[in-house]
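Subject: Structure handover

Hi,

Here is the structure we talked about. Please have it open while you read; my notes follow below.

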Amino acid sequence: IDFYAYADHMQFQASVPGIIEEVRASQNENEACLSANNCNWQIGVRIRYDSAYSVEWDFEPFSSSEADKDIQLANISVAVGDVVQKGDIIGTLHRANDTSHVDWGIMKNYTLICPEPYFSAEAKSSILALIKARHPTWEPEGVMCF
């Protein structure tokens with residue numbers, strides 16, 4: 001799920017309790033950006049929930065600038081080995097431009113899975129309302145995997 005911030009330094013919270021398993025800087029590498037030597041940075045934060053499940057936040061300033069990468073890294077407020085509780089602030093998004101966003105996903109055994117079965121009824125209703133507000137003609141079909 002992608003979250004687009006409307007302002008710089010919006011806070012993002014741990015969605016589960018657990019241990020910070022990874023904080024990493026990497027570039028989105030695909031053929032187009034590699035050939036243009038212009039791959040965007042992302043800062044990944046993985047929270048290990050239990051032996052099988054983890055959640056991952058990828059803070060994406062959507063910039064290939066080293067300075068933007070360094071700013072985003074400085075905005076991460078957790079480190080590997082930290083224990084977090086649900087609701088703890090893990091970082092803020094450096095909004096380098098209008099396409100800056102944060103990806104969130106659930107992993108089982110290090111493989112991304114559809115998060116919809118894990119949403120409470122309230123969370124699912126809230127997400128559907130957000131989608132509907134942005135895309136009024138959209139109608140969900142079956143399981144809501146993005």
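I start with one residue in the strands. Glu 60 is in contact with Asn 28, Trp 41, Gln 42, Leu 93, Ser 100, His 101 and Asp 103, leaving aside its neighbours within four places in sequence. Keep in mind that this is a predicted model.

Glu 60 sits in strand S5. Is it buried or exposed? Glu 60 counts as buried, because its relative accessibility is 4%, and the cut-off for buried is under 20%. From Glu 60 to Gln 72 the C-alpha distance is 8.1 Å, with their positions 12 residues apart in sequence.

Strand S5 also holds Glu 56. Glu 56 has 8% relative accessibility, so this residue counts as buried too. What does its side chain pair with? The side chain of Glu 56 makes a polar contact with the side chain of Arg 46, at 3.2 Å. Beyond four places in sequence, Glu 56 touches Arg 24, Gly 44, Val 45, Arg 46, Asp 103, Trp 104, Gly 105 and Met 107. Val 78 is 22 residues from Glu 56 in sequence, and their C-alpha atoms are 13 Å apart.

Now the core. In soluble globular proteins, nonpolar side chains tend to be buried together. Here the largest nonpolar core has 22 residues. Those with the most contacts inside it are Val 45, Ile 47, Trp 57, Phe 59, Val 78 and Ile 90. Strands S4 (41–48), S5 (53–60), S7 (89–93) and S8 (101–108) each give two or more residues to this core, and so does helix H3 (121–134).

Ile 90 deserves a look. Outside four places in sequence, Ile 90 is in contact with Val 45, Ile 47, Trp 57, Phe 59 and Val 78. The list for Ile 90 also includes Phe 12, Gln 13, Ala 14, Ile 76 and Ser 77.

Last, the pocket. The largest pocket contains about 1500 Å³ of space. Its lining has 36 residues, and the closest to the centre are Ile 1, Phe 3, Trp 104, Phe 119 and Ile 127. By class, the lining has 25 nonpolar, eight polar and three charged residues.

Which element gives the most to this lining? H3 does, with seven residues. Strand S1 (2–4), strand S2 (10–13), S5 and S8 each supply at least two residues as well. S5, S8 and H3 therefore come up twice: they give two or more residues to the core, and they supply at least two to the pocket lining.

Best wishes

Key:
Residues are numbered from 1 along each chain as its sequence is written. This is a predicted model: local features need pLDDT of at least 70, side-chain atom pairs count only at pLDDT 80 or more; totals for chains, interfaces and linings use all residues. Side-chain values use heavy atoms; hydrogens and water are left out. A nonpolar core is a set of buried Ala, Val, Leu, Ile, Met, Phe, Trp, Tyr and Cys residues joined through side-chain atoms within 4.5 Å. Buried means under 20% relative accessible area, exposed over 50%, partly exposed in between (1.4 Å probe, protein chains only). Helices (H or I, at least four residues) and strands (E, at least two) are DSSP runs, numbered from the N terminus. Contact means heavy atoms within 4.5 Å. A polar contact is a pair of N or O atoms within 3.5 Å; within protein, one must be able to donate a hydrogen and the other to accept it, and residues adjacent in sequence count only if both atoms are side-chain atoms. On a 1 Å grid over the protein atoms alone, a cavity is a set of points where a 1.4 Å probe fits but cannot get out, and a pocket is an open set with protein on both sides within 12 Å along at least five of seven lines; lining residues have an atom within 4 Å of a point. Grid points are joined across faces, edges and corners, and a volume is the space filled by probe spheres set on the points. Ala, Val, Leu, Ile, Met, Phe, Trp, Tyr, Cys and Pro count as nonpolar, Asp, Glu, Lys and Arg as charged, and the others, Gly among them, as polar.
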